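Got your viewer open and a selection box ready? Let's take a walk through this one, stop by stop.

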Amino acid sequence: MAVLEVLKGKNPGQLIEVQAERTVFGRHPHCQVVLENAAVSRYHSQIVDVHGDYFVEDLRSRNGTHVNESAVEGRRQLKDKDIIRVCDFAFRFLLSAPTDSKLLKPGAIVGDEGIKVGPRSPLEEIHNQGVPHDDAEEVKQDDEFEEEDRSSIISTLDAGSSSSDLRLSVKPEMKLKAILEITKVLAGSLGLDQVLDKTLEALFRIFQQADEGFIMLREEEKKKLVVKATKTRRKTEADDQVHVSMTIVRKALETSEGILSANALEDSRFRASESLSSLRIRSMICAPLVSRELGPLGVIQITTNDVGAQFRDEDLDLLISVAMQVALSVENAYLYHQAVKQRDMERDLEFATQVQLGFLPHARPKLPEYEFSDYYEPAQRVGGDYFDYIELPNGCVALALADVAGKGVPAALLMARLYSSVRYHLISQPDLATAMTGLNAEISVSGLGHRFITCLIMVIDPQTHQLTLVNAGHLSPLRRDATTGKVDPIGQAESGMPLGILADQKFQHSKFDLSPGESWLVFTDGVTEAIRSQKEIYGNKRLTAVFAKAPQKINEIVKVVVDDVEAFVEGRPQSDDICIVGFQRLP
């Protein structure tokens, strides 16, 4: 098992386990090794296990990754005891951990205070309750009668109040017995459906006059009430059906109050209710299940047909106490279910992030007399900005950059398709304009709805030092003259419409001579439309000025632009994906 030994930091000597597939270094909390330093990119670099061999890759970070003080370009194989440096942090790569060492699992955080284990996940914080199932008992709901002229509700009690607010006339031994019994049930490792069944059984032992009872819960997705548990004292299966009067249920949920009804048959709202008249229900108590976080969750209702054993105020108090305990269990189950969904979503997003990183170039072109640099940072876990370097059969190099409308997973899916489509058309078509025309025709008939893609492709010929450019509605690239330092936008007049708007659009190309020392910068609108607190955008004018005054080397130019954008937004979250690609013909 490979490990990383911390060499530079507050706690040198600590070891971090290298994961089986990949270990990502970066500032983002989802990285396996979180480096809390502003100089570190959100996804800075990663170690990849390829059939037992380990490789380190720089993920287009701003300040680079070094192995044995040599900058990493593309993928570099690691050897035992290699020194990996990420900004101010240094690690020794070891193929096996010392036998007496204490490992930190991936998820460790490295910062000014040294290494500490990351915060506990929401799943670890939530009690392992079951999740509500969909197999509801058969019920007959009576919700046709809403008259309010006369009611047999003789008492109500706020179900949201604390237990200390309950009436003191309740027999302490009865309340204690009920709470202890229900608490014991809820503390067991049972699924929620079993917990609800056990709760009704306990209530029937306490309320000897009870003839039937049910627990209704609000379904999380459909937002409707469904009976999740029932119990009756009738022995025959034919009489095992539970009838529900929705008037009382709605009243309890709307007011968050428990309800005691002395004689339901005398209530004008229930006179025509088949469920009440057929079962001769005389008295009922209904308590809502209320969560402070989620609001009303459902109700517990107990009914009796015995006219001589009506429910009393203390019975309502007791049911309210039980409902508080059950509501907590239901809330935990809902939160657990949400945490499981969130965990699965995070896992899918992490996989999508790694897939998208795989589509982006792992190394920059090695073209004689030219140097390239790039920077990529999605606004969310995945993004819709795209760039690629494509080596053509004739020895030329194509540089493609595009911006899919929108961001997040939908944009990332289109970006993945664009990756293969651009390569196909560049290699299969005779010239760049025809390739862009074919690409537009494919995107237009692909059923993307109202989405469109701005795209720019350049082809550099190292023999003639000539650049061919086709622009499909993208921001114009900037060129800096080597002699005067003047920066100009290129190809504005020749730009066509974005891809996916006009299926029969024909594109034209432009050609430019590349002089020694001149630099080019291509970018997406995540740069020019970066916003700071005063609602002011970064803009082309500022970008042009920064480019004009930047150092000569293309790597330094890209870094200066990125730093200036970050300083401009004053700490605001990134509003759009950022992609910058630059190249320079060497002097």
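One cut-off before we start clicking: buried means under 20% relative accessible area, exposed means over 50%, and partly exposed is in between, with a 1.4 Å probe and protein chains only. This is a predicted model, so local features need pLDDT of at least 70 and side-chain atom pairs count only at pLDDT 80 or more, while totals for chains, interfaces and linings use all residues. Residues are numbered from 1 along each chain as its sequence is written, and side-chain values use heavy atoms, with hydrogens and water left out.

**Stop 1: two facing rings, then two more**

Select Y376 first: at 7% relative accessibility, Y376 counts as buried. Add F387, which is buried too, at 0%. Helices (H or I, at least four residues) and strands (E, at least two) are DSSP runs numbered from the N terminus. Y376 is in strand β23 and F387 in strand β24, so their pairing ties together parts eleven residues apart in sequence. For rings of Phe, Tyr and Trp (its six-membered ring), a pair needs centres within 6.5 Å; planes under 30 degrees apart count as stacked, over 60 as edge-to-face and the rest as tilted. The centres of the Y376 and F387 rings are 6.4 Å apart with planes at 40°, so this pair is tilted.

Now pick F372 and Y389. Their ring centres are 5.7 Å apart and the planes meet at 70°, so this one is edge-to-face. F372 belongs to strand β23 and Y389 to strand β24, 17 residues apart, and both residues are buried. Widen the selection to F512, W520 and F583: ring pairs link these with F372, Y376, F387 and Y389 into a cluster. The count of aromatic pairs comes to ten.

**Stop 2: the second largest pocket**

Keep F372 selected and add E73, R364, S373 and N555; of the 31 residues lining the second largest pocket, these five are the closest to its centre. The pocket holds about 660 Å³ of space. On a 1 Å grid over the protein atoms alone, a pocket is an open set of points where a 1.4 Å probe fits, with protein on both sides within 12 Å along at least five of seven lines; lining residues have an atom within 4 Å of a point. Grid points are joined across faces, edges and corners, and the volume is the space filled by probe spheres set on the points.

Which elements give two or more residues to the lining? Colour β7 (65-67), β23 (370-377), β24 (385-391) and α11 (554-569). The largest share, six residues, comes from β23.

**Stop 3: charges over rings**

A charge sits over a ring if NZ of Lys or CZ of Arg is within 6 Å of the ring centre and within 35 degrees of the ring normal. Select R75 and F55: the charged end of R75 sits over the F55 ring, 5.7 Å from its centre. Then try K231, which lies over the face of F204 at 5.5 Å from the ring centre.

**Stop 4: backbone oddities**

Jump to R60, in the loop between β6 (53-58) and β7. R60 is not a glycine, yet its phi is positive, about 55°. With 7% relative accessibility, R60 counts as buried. For another, go to E570 in the loop between α11 and β32 (578-585), where phi is near 55°. E570 is partly exposed, at 45% relative accessible area.
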